[in-house]
Amino acid sequence: MSIPLNYYIVLSMILFSLGIAGVTTRRNPILIFMSIELMLNAVNLSLIAFGRYLGDAGGQMLTIFVMAVAAAEVSVGLGILIAIFRTKDNVDVDVLNGLKG
Amino acid sequence: MTLQALLSGQGLMFLFFAVAAIASGILVVILQNPLRAALSLVINLFSVAGLYLSLNAYFLATVQVIVYAGAIMVLFLFVIMLLNMGQANLNTSYRGVRTIIAFSSAIGFGGLMSAVALKGQPNVMLPADAMVTGSSAGSVEGIGKVLYNPNLPWLFAFEWTSFLLLVAVIGAVVLAGKRQQPSEDKA
């Protein structure tokens, strides 16, 4: 007897919610990035679970692309962070209001 | 019936990695020290890799460990140490109302989606043939046969992923690399 698909989906939702909580409460941009990684992983888990239970290889293919995009995003994002830190001492996201957002 | 499924070998594996993933995920969200949060995220990524294994995604579990826990987390730790954020800085303490709103919205979203997942179509089980033979879709051979098949849409996206990574490399070098001479004069 195997585990129902729903368990994986609920676990994925819990991890995704933790990522949402991290993104919305954290003020350090690196920790916000790590929470985004948490959310991406949750989505990857649900994709692989769906692919396995529905017999479709597309879930694993999409996960490969999500991983590639996540790696690209992290490298560019941390580059931006280093560039910001070079001009300002503080990397608190509440202080970085140069774009008047 | 479904609770009995958790007591089989596969179910215990799922329980172990799920509890580890949730616990380390909570630590990522609440720990004040960025280094400790990053190391908790490494534990989380390893746990998710274990869950991939339980879903027969062998190749992706390996890639998860190598790329995420290896490359990306080393990049995170490198930047944390480069920017000297290792110690918990006190000005990142939580603020009351915003934190309450954020956590309640996260719990509300997670609860809503979990309710949908549990109510929608109960107990989607593995197809019987996948149980008997074991799926080879997660091996390197299976991944390659689908990914590099010109009749499927993934090959085109795969080729353009290489272009995306090229753009990311150039962007990272331009953003984080040394400033050119004119901007140094300005500064």
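A helix here is a DSSP run of at least four residues, numbered from the N terminus. With that in hand, let's start the tour; bear in mind that this is a predicted model.

**Stop 1: chain B as a whole**

Select chain B and show it as a cartoon. You will find nine helices and zero strands, so to speak an unbroken α-α-α-α-α-α-α-α-α when read from the N terminus on. Of the 187 residues in chain B, 36% are buried. Now consider its contacts with a separation of 6 or more: residues 24 or more positions apart account for 56% of them.

**Stop 2: B:Asn44**

Next, select B:Asn44, which sits in helix H3 of chain B, residues 34-54. Is B:Asn44 buried or exposed? Its relative accessibility is 1%, and buried means under 20%, so B:Asn44 counts as buried. Which residues touch it, leaving aside neighbours within four places in sequence? Show A:Leu15 and A:Leu38 from chain A, then B:Ala21, B:Ser24 and B:Gly25 from chain B; B:Asn44 is in contact with each of these.

**Stop 3: helix H5 of chain B**

Move on to residues 96-120 of chain B, which form helix H5. This helix has 25 residues and reaches 36 Å from its first C-alpha to its last, close to the 36 Å expected at 1.5 Å a residue. Colour its buried residues: B:Thr99, B:Ala102, B:Ala106, B:Gly110, B:Ser114 and B:Ala117. An α-helix has 3.6 residues a turn, so residues three or four places apart point the same way. To see what the buried residues of H5(B) pack against, add helix H1 of chain A, residues 5-25.

**Stop 4: the largest pocket**

Now turn to the largest pocket, with a volume of about 450 Å³. Its lining has 25 residues, and the closest to the centre are A:Ala71, A:Ala72, A:Ser75, B:Ala71 and B:Ile72. Show helix H3 (58-87) of chain A, along with helix H4 (58-82) and helix H8 (154-176) of chain B: each supplies at least two residues of the lining. By class, the lining has 23 nonpolar, two polar and no charged residues. Where does the pocket lie with respect to the domains of chain B? Domain 1 (1-89) and domain 3 (124-182) both give residues to the lining, so the pocket lies between them.

**Stop 5: A:Asn90**

Finish in chain A, at A:Asn90, which is in the segment after H3. With a relative accessible area of 31%, A:Asn90 is partly exposed. Try drawing a distance from its C-alpha to that of A:Ser17: the two residues are 73 apart along the chain, and their C-alpha atoms are separated by 28 Å.

How values were computed:
Residues are numbered from 1 along each chain as its sequence is written. Chains are lettered from A and ligands numbered from 1 in the order in which they are written. This is a predicted model: local features need pLDDT of at least 70, side-chain atom pairs count only at pLDDT 80 or more; totals for chains, interfaces and linings use all residues. Side-chain values use heavy atoms; hydrogens and water are left out. Buried means under 20% relative accessible area, exposed over 50%, partly exposed in between (1.4 Å probe, protein chains only). Contact means heavy atoms within 4.5 Å. The expected span of a helix is 1.5 Å times one less than its number of residues. On a 1 Å grid over the protein atoms alone, a cavity is a set of points where a 1.4 Å probe fits but cannot get out, and a pocket is an open set with protein on both sides within 12 Å along at least five of seven lines; lining residues have an atom within 4 Å of a point. Grid points are joined across faces, edges and corners, and a volume is the space filled by probe spheres set on the points. Ala, Val, Leu, Ile, Met, Phe, Trp, Tyr, Cys and Pro count as nonpolar, Asp, Glu, Lys and Arg as charged, and the others, Gly among them, as polar. Domain bounds come from an automatic or database domain assignment.
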